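Student: Could we go through this one together? I'd like to know what stands behind each label.

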Amino acid sequence: MYLHLGQDTVIDDRSIVAMFDIDACTVSKKTRDFLAAAQKNGEVVNVSFELPRSFVVCRENGRNIVYISQLSTKTLSNRRFG
């Protein structure tokens, strides 16, 4: 099945490692460090021009990709199709 993350971005849901609420998770220093490292390594894809509400960590072609979305994790969970 596939997951529509927003804008024109659709991913294979089998590649999803985890989905996180940005407000709840970025309080942790470890999460902030993970996101900073992903940004530094070019592994962050922002699929929204609005205020981000969630991020989805995927494993694609042997590397992590972090998608940042304006949609909540609940909305993303309801968007699977295919």
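Tutor: Ask away, and we'll hold each value against its definition.

Student: Before that, how do you know what you're looking at?

Tutor: This is a predicted model, where local features need pLDDT of at least 70 and side-chain atom pairs count only at pLDDT 80 or more, while totals for chains, interfaces and linings use all residues. Residues are numbered from 1 along each chain as its sequence is written, and side-chain values use heavy atoms, with hydrogens and water left out.

Student: What makes something a helix or a strand here, and how many of them are there?

Tutor: Both are DSSP runs numbered from the N terminus: a helix is H or I with at least four residues, a strand is E with at least two. By that reading the chain has 3 helices and 7 strands, and their order from the N terminus is β-β-β-α-α-β-β-β-α-β.

Student: Why is the chain called as compact as a globular protein of its length?

Tutor: The yardstick is the globule rule, 2.2 Å times the number of residues to the power 0.38, and the radius of gyration is taken over C-alpha atoms. For 82 residues the rule gives 12 Å, and the chain's radius of gyration is 12 Å, so the label fits. If you prefer a box, the C-alpha atoms fill roughly 35 × 25 × 20 Å along the principal axes.

Student: How do you know that Thr 31 is buried or exposed?

Tutor: Buried means under 20% relative accessible area, exposed means over 50%, and partly exposed is in between, with a 1.4 Å probe and protein chains only. Thr 31 comes in at 17%, so it counts as buried. It sits in helix H2 (residues 29-40). For the whole chain, 37% of the 82 residues count as buried.

Student: And what does Thr 31 touch?

Tutor: Contact means heavy atoms within 4.5 Å. Not counting residues up to four places away in sequence, Thr 31 touches Cys 25, Thr 26 and Phe 55. Across the chain, 51% of the contacts with a separation of 6 or more come from residues 24 or more positions apart.

Student: Which label does Tyr 67 get, buried or exposed?

Tutor: Its relative accessibility is 9%, so Tyr 67 counts as buried. This residue lies in strand S6. Beyond its neighbours within four places, its contacts include Leu 5, Ile 11, Val 45 and Phe 55. Tyr 67 and Asn 46 are 21 residues apart in sequence, yet 5.8 Å apart in space, C-alpha to C-alpha.

Student: What makes S5 and S6 a pair?

Tutor: Two strands pair if DSSP finds at least two bridges between them. S5 and S6 (residues 63-69) have 7 bridges, in the antiparallel sense, so they satisfy that definition. Within this pair, Cys 58 stands opposite Ile 65.

Student: Which other strand is joined to S5?

Tutor: Strand S3 (residues 16-21) is joined to S5 by 5 bridges, running antiparallel. There, Met 19 stands opposite Val 56.

Student: Why is S5 called mostly covered?

Tutor: S5 (residues 54-60) has 7 residues, and 5 of them are buried.

Student: What stands out about Asn 61?

Tutor: Its phi is near 50 degrees, a positive value in a residue other than glycine. Most residues other than glycine have a negative phi. Asn 61 is in the turn of the S5 and S6 hairpin, which has 2 residues between the strands. With a relative accessible area of 82%, Asn 61 is exposed.

Student: Where does Gln 7 sit, and which label does it get?

Tutor: Gln 7 is found in the loop between S1 and S2, and with a relative accessible area of 41% it is partly exposed. It has a positive phi of about 50 degrees although it is not a glycine.

Student: How do you know that S1 and S2 pair?

Tutor: Strand S1 (residues 2-6) and strand S2 (residues 9-12) share 4 bridges in the antiparallel sense. One of the opposite pairs is Gly 6 with Thr 9 in S2.

Student: Last one: how many side chains count as positive and how many as negative?

Tutor: Lys and Arg count as positive, Asp and Glu as negative, with His and the chain ends not counted. Each charge is placed at NZ of Lys, CZ of Arg, CG of Asp or CD of Glu. The chain has 11 positive and 9 negative side chains, and the centres of the two sets lie 6 Å apart.
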